[in-house]
Structures are given as structure tokens and as C-alpha cells.
Amino acid sequence: MAAAAKVTIDQAAKAAPEKTAGKVIEAELEKKHGKVIWEVKTVDAEGKVTETHIDADSGAVIESKSKK
């Protein structure tokens, strides 16, 4: 899967905090939404974790959702 990703883990880690305030705590390459995506988790100052899906081909944010 890594060979199919045009967006690097560093690029994905930089894109996620642009959408959500917080520090990156985890990033992994997965297949979801019918494509290869980076799943990046961030945590903010209040401890809220947000999971952001980033298209590994284009770098576009697909979705971002908070978890408790």
C-alpha cells in the first residue's frame, strides 16, 4: 500500500492539524472509502482526539471526526 501513496506520512501529518487543532499522536496507511488513505489522529489541549482521513493520492482531507 505504501507504494501507492503519493502523499508521505510527513505531508499527511502536516495536513491533519490544519483541519483540527492538536498534536499528531498516530498516523497509519489504510484502505477506506474505496481508496488508500492516511488515518491521522490528533489530540488537542483538552484531550479530545480527532481522526482525520487524508487521500494518500491527492492529499485532500476526506473526513474529520472527533472521538471521546
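Which residue in strand 3 does Ile37 stand opposite? The residue facing Ile37 is Asp55 in strand 3. That pair is a good way into this protein, so keep in mind as you read that you're looking at a predicted model.

**How far to trust it**

The mean pLDDT of the protein is 88, and 97% of its residues reach 70 or more. Confidence is highest in strand 2, at 94, and lowest in helix 1, at a mean of 85.

**The sheet**

Let's start with the strands. There are 4 of them, and they form an open sheet in the order 1-2-3-4, with antiparallel pairing. Strand 1 (23-32) and strand 4 are the edge strands, each pairing on one side only. From one strand to the next, the twist averages 20°.

Here's how the neighbours join up:

| Strand pair | Bridges | Direction |
|---|---|---|
| Strand 1 and strand 2 | 9 bridges | antiparallel |
| Strand 2 and strand 3 | 7 bridges | antiparallel |
| Strand 3 and strand 4 | 6 bridges | antiparallel |

You can pick out single pairs across the sheet. Ala27 has Val40 in strand 2 as its bridge partner. Further along the order, Glu51 is bridged to Lys65 in strand 4, and Thr52 stands opposite Ser64 in strand 4.

Now look at the turns. Strand 2 and strand 3 make a hairpin with 5 residues between them, and Gly47 in that turn has a positive phi of about 90°. Strand 3 and strand 4 also form a hairpin, again with 5 residues between them; in this turn Gly59 has a positive phi of about 85°.

**The helix on top of the sheet**

Helix 1 packs on the sheet and touches strand 1, strand 2, strand 3 and strand 4; its direction makes about 55° with that of strand 2.

Which residues of helix 1 (residues 9-19) are buried? They are Ala12, Ala15 and Ala16. These three cover an arc of only 105° around the axis, so they sit on the same side of helix 1. There's a simple rule behind this kind of pattern: an α-helix has 3.6 residues a turn, so residues three or four places apart point the same way. The buried residues of helix 1 pack against strand 2 (35-43) and strand 3 (49-55). Flip to the face turned away from the buried side and you'll find the exposed residues Asp10, Lys14 and Glu18.

**The core**

The largest nonpolar core has 11 residues, among them Ala12, Ala15, Ala16, Val36, Trp38 and Val40. Helix 1 and strand 2 each supply at least two residues of this core. In soluble globular proteins, nonpolar side chains tend to be buried together.

Strand 2 is largely enclosed by the rest of the structure, because 7 of its 9 residues are buried. Another core member is Ala56. Not counting residues up to four places away in sequence, Ala56 touches Ala5, Lys6, Val7, Leu29, Val36, Ile37 and Trp38. Ile37 is the residue we opened with, opposite Asp55.

**One residue on the edge**

Finally, take Lys67, which lies in strand 4 (residues 61-67). Is Lys67 partly exposed or buried? Lys67 counts as partly exposed because its relative accessibility is 38%, and partly exposed means between 20% and 50%. Leaving aside neighbours within four places in sequence, Lys67 is in contact with Lys48, Val49 and Glu51. Lys67 and Val49 are 18 residues apart along the chain, yet their C-alpha atoms are separated by 5.4 Å.

Note on methods:
Residues numbered from 1 in each chain as written. Predicted model: local features only at pLDDT ≥ 70, side-chain atom pairs only at ≥ 80, totals over all residues. Heavy atoms only, no water. Buried < 20%, exposed > 50% of the residue type's maximum accessible area, 1.4 Å probe, protein only. Arc of directions from axis to C-beta. Contact = heavy atoms within 4.5 Å. Pairing = 2+ DSSP bridges. Core = buried A, V, L, I, M, F, W, Y, C linked by side-chain atoms within 4.5 Å. Axes fitted to C-alpha atoms, helices over the stretch in contact; angles between N-to-C directions. pLDDT = per-residue confidence, 0-100.
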